[in-house]
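Below are some comments on the model, set out as numbered points. They are meant to be read beside the sequence and the coordinates.

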Number of protein chains: 2
Amino acid sequence: MDEFERIRRWTSGRQSPQWLSARGVRLGIGDDAAVVEPPQGADGEPVQWLLAVDTMVETVHFNWRTMSEADVGYKALAANISDIAAMGGQPAHALVSISAPAACTAERMTSLYDGLYACAARYGVAIVGGDTTSAPEHLVISVTVTGTVPAGRAVPRSGAKPGDAVFVTGPLGLSAAGLHYLLAAPARPGAAAIEADEAGSLVQAHRRPVPSPEGGRLLAERGTCHALNDVSDGAASEAWELAEASGVSIVLEEARLPLSGSMARYARRQGRDPLDWVLYGGEDYVLMGTIAADDAEQAGAALRARGIPFYRIGVVESGPSGVWLDRGGGRAPLAKGGYNHFASATGESDDDSNDEI
Amino acid sequence: MDEFERIRRWTSGRQSPQWLSARGVRLGIGDDAAVVEPPQGADGEPVQWLLAVDTMVETVHFNWRTMSEADVGYKALAANISDIAAMGGQPAHALVSISAPAACTAERMTSLYDGLYACAARYGVAIVGGDTTSAPEHLVISVTVTGTVPAGRAVPRSGAKPGDAVFVTGPLGLSAAGLHYLLAAPARPGAAAIEADEAGSLVQAHRRPVPSPEGGRLLAERGTCHALNDVSDGAASEAWELAEASGVSIVLEEARLPLSGSMARYARRQGRDPLDWVLYGGEDYVLMGTIAADDAEQAGAALRARGIPFYRIGVVESGPSGVWLDRGGGRAPLAKGGYNHFASATGESDDDSNDEI
């Protein structure tokens with residue numbers, strides 16, 4: 001079986017011609033380039049395209065003790081979908097580049113594609129091409145996604161206005177806690193063992209993050225959401241990005257930061273302050289943004305009506321770019337942090353952070 | 001200087017806001033995703049988008065003895081532009097993902113971006129985003145490009161018709177010969193030494209390939225070019241792809257295969273048959289396609305008038321999918337080959353080939 005046949009085996013029949021066609025795919029996997037149009041539903045209305053890429057490197061962003069092959073495939077695509085969500089867009093197409101060492105057998109690659117296609121099916125993303133090469137030692141997976149947004153409606157990082165409310169669309173720090181659990185475990189625990197444990201939801205949050213393109217679209221449609229990010233590098237880091245891109249001060253209120261009960265209990269059992277993971281954990285892939293204060297209540301209700309959490313966690317003020325944490329007794333400057341939690345947990349430096357450009 | 005600052009240094013100011021805007025960039029590097037529209041010039045006319053990705057891995061596709069950092073950046077983008085050319089499209093935007101080991105200092109990364117931006121400037125490609133991560137040992141660069149094509153005009157691999165003429169848009173085998181020269185040299189030769197040598201053009205072909213999006217567009221506009229590929233994996237392999245995708249027989253005439261004089265002389269000095277590099281060399285990034293025989297003459301004249309070579313090298317026949325080489329005294333089946341010449345030259349296996357999906 002040559003490389004082309006393996007690729008065909010990994011990809012063919014996974015998404016039907018009808019399903020692909022509804023997503024604007026005119027020519028998919030198998031030619032020099034894919035040919036695409038906006039997915040159905042955007043007809044007539046002018047759209048702009050969103051483009052994002054995200055890469056995961058074995059030993060830097062994951063290892064096989066903490067993630068299965070299918071988890072890696074799933075998460076690589078989910079992280080990209082989260083970037084589209086963070087612009088208020090609808091994810092459409094994906095290209096997948098995998099450089100795999102010889103140790104990644106055809107069977108393991110099949111599992112990786114199982115995860116990719118599971119995520120693609122969940123979010124309606126058409127996989128339209130890619131590249132597969134060998135690698136000397138470590139697996140590298142790089143996923144590019146496209147998305148569409150009604151023309152002029154993309155929500156950047158840079159639009160936060162003094163007076164806006166700051167919000168997040170889910171609890172923070174679960175992924176970092178899940179990773180801590182996985183690294184502390186003596187060996188990669190079986191699925192059953194994890195599910196039986198309270199840490200199951202934390203591990204799940206780490207391995208199978210839940211990006212929120214629906215939340216992003218609902219927020220973009222309102223026209224009152226002025227700035228949006230997804231929490232990939234940690235809440236503190238994302239707040240700093242919003243503050244610096246917008247030239248504003250952001251004040252986060254500690255008492256409003258959403259804690260998951262299981263995360264907080266796990267952190268305390270480990271003798272750690274849950275706030276560390278909440279602010280510096282990263283890879284939560286919830287949305288953080290700012291919205292006109294007088295629409296925050298209604299926006300929150302609209303998101304919650306669709307099952308998407310919405311927490312007001314602070315306010316935007318004019319002033320020098322920066323982020324402050326209000327702990328009740330006054331404000332203190334909040335360090336940017338933004339370290340990659342995997343790297344930190346394994347004692348590596350923060351140069352391993354995964355920085356979009 | 002943190003990672004974000006380094007990325008800014010590598011990318012900011014390289015392409016002006018006006019230049020980017022003319023290429024449809026509404027929001028470029030620095031947010032969760034880029035926001036793009038079709039470049040100027042396509043206004044009103046409906047376009048489809050082309051999407052392609054191509055990855056180069058240190059030790060698999062290049063090493064630092066044969067390529068400089070700037071060469072790697074240039075070639076990674078050029079290979080992608082060639083994929084857009086092979087659909088008859090106009091390249092528009094690029095996303096660049098680089099996983100770099102610690103040995104790749106900020107200075108070396110700057111050189112890599114110098115090469116990327118040199119290629120982007122030459123072909124009018126807007127760099128709109130990317131991802132930069134660390135890597136344990138080897139550099140991996142993955143470039144995604146978009147392109148546009150008038151709706152319905154993309155030229156696939158699968159349209160070759162019996163009676164078509166088969167053509168290529170440039171001589172073959174130069175890149176493989178250049179790589180052979182580089183690997184045989186005792187150390188990476190300085191630029192002056194190479195230029196003084198006849199091998200200069202071969203080395204240049206290997207390091208700085210010249211994709212032909214203009215040729216692809218001219219061919220697509222005629223409406224008579226039925227199938228198109230770029231020669232990334234070797235002429236034999238590309239002819240096989242056209243034959244298999246189209247369900248036809250392709251007969252290549254040895255006497256018509258374009259040889260470069262310096263390549264042929266270098267091959268003979270090395271005791272090698274130039275035909276090996278012509279058919280199995282790869283990375284030439286010229287176009288190979290099939291065109292209605294009664295338009296071949298005129299199409300060739302139109303390309304040559306723009307400085308783009310055009311050689312008729314064979315014919316398409318009905319019959320079982322396959323490729324034959326006519327050596328004057330009769331036809332013989334042509335082996336698919338398609339090995340990666342870098343891998344072969346270094347004695348590695350075929351599994352290192354770089355296969356698009």
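1. How far apart are the end C-alpha atoms of helix 3 (residues 69-85) of chain A, and what should its 17 residues span at 1.5 Å a residue? The model is a predicted one, and in it the end C-alpha atoms of this helix are 24 Å apart, which agrees with the 24 Å that its 17 residues should span. As for its surroundings, 17 of the 17 residues of helix 3 of chain A are buried, so the helix is largely enclosed by the rest of the structure.

2. Helix 12 (residues 293-305) of chain A can be put to the same kind of test: its 13 residues should span 18 Å at 1.5 Å a residue, and its end C-alpha atoms are 19 Å apart, which agrees. The buried residues of this helix are A:D295, A:A296, A:A299, A:G300 and A:L303. An α-helix has 3.6 residues a turn, so residues three or four places apart point the same way. The cover over the buried residues of helix 12 of chain A includes strand 7 (165-168), helix 8 (213-222), strand 10 (287-291) and strand 11 (311-317) of chain A. After helix 12 of chain A comes A:G307, with a positive phi near 80°.

3. Positive phi values in residues other than glycine deserve a look in the backbone. A:T59, in the loop between strand 3 and helix 3 of chain A, has a phi near 80°, a positive value in a residue other than glycine. A:E283, in the loop between helix 11 (274-280) and strand 10 of chain A, also is not a glycine and has a positive phi of about 60°. With a relative accessible area of 27%, A:T59 is partly exposed, whereas A:E283, with a relative accessible area of 8%, is buried.

4. How are the two copies related? Chain A can be laid on chain B with an RMSD of 0.0 Å by a turn of 180° and a shift of 0.0 Å along the axis. The two copies are thus related as by a two-fold rotation axis. The same surface serves both copies, in that 100% of the contact residues of chain A recur in chain B.

5. A:Q48 is one place to inspect where the chains meet. This residue is in strand 3 (residues 47-57) of chain A and counts as buried, because its relative accessibility is 7% and the cut-off for buried is under 20%. The side chains of A:Q48 and B:E37 are joined by a polar contact of 2.7 Å. Leaving aside neighbours within four places in sequence, A:Q48 is in contact with residues of chain A including A:G147, A:V149 and A:P150, and with B:R26, B:V35, B:V36 and B:E37 of chain B.

6. Over all chains, a search of the whole structure finds 32 salt bridges. One of them joins A:E241 and A:R157, with the closest N and O atoms 3.0 Å apart. A:E241 lies in helix 9 (residues 235-246) of chain A and A:R157 in the loop between strand 6 (140-150) and strand 7 of chain A, so the pair ties together parts that are 84 residues apart in sequence. A:E241 counts as buried at 13% relative accessibility, and A:R157 is buried with a relative accessible area of 6%.

7. The side chain of A:R157 also meets that of B:D32 in a salt bridge (3.0 Å, N to O). This pair crosses between chains, from the loop between strand 6 and strand 7 of chain A to the loop between strand 1 (25-27) and strand 2 (34-36) of chain B, where B:D32 lies. At 3% relative accessibility, B:D32 counts as buried.

8. A further salt bridge (3.3 Å, N to O) is formed by the side chains of B:E244 and B:K336. The pair links distant parts of the chain, 92 residues apart, with B:E244 in helix 9 (residues 235-246) of chain B and B:K336 in the loop between strand 13 (331-333) and helix 13 (341-345) of chain B. B:E244 counts as partly exposed at 40% relative accessibility, and B:K336 counts as partly exposed at 35%. Salt bridges that share partners also join A:D31, A:D32, B:R157 and B:E241 into one network.

9. Last, the cysteines: the count of disulfides comes to 0 over all chains. A:C104 counts as buried at 11% relative accessibility, and A:C225 counts as buried at 8%.

Notes
Residues are numbered from 1 along each chain as its sequence is written. Chains are lettered from A and ligands numbered from 1 in the order in which they are written. This is a predicted model: local features need pLDDT of at least 70, side-chain atom pairs count only at pLDDT 80 or more; totals for chains, interfaces and linings use all residues. Side-chain values use heavy atoms; hydrogens and water are left out. Helices (H or I, at least four residues) and strands (E, at least two) are DSSP runs, numbered from the N terminus. The expected span of a helix is 1.5 Å times one less than its number of residues. Buried means under 20% relative accessible area, exposed over 50%, partly exposed in between (1.4 Å probe, protein chains only). Contact means heavy atoms within 4.5 Å. A disulfide is a pair of cysteine sulfur atoms within 2.5 Å. A polar contact is a pair of N or O atoms within 3.5 Å; within protein, one must be able to donate a hydrogen and the other to accept it, and residues adjacent in sequence count only if both atoms are side-chain atoms. A salt bridge is a side-chain nitrogen of Lys or Arg within 4 Å of a carboxyl oxygen of Asp or Glu. Copies are superposed by least squares on the C-alpha atoms of residues with pLDDT of at least 70 in both.
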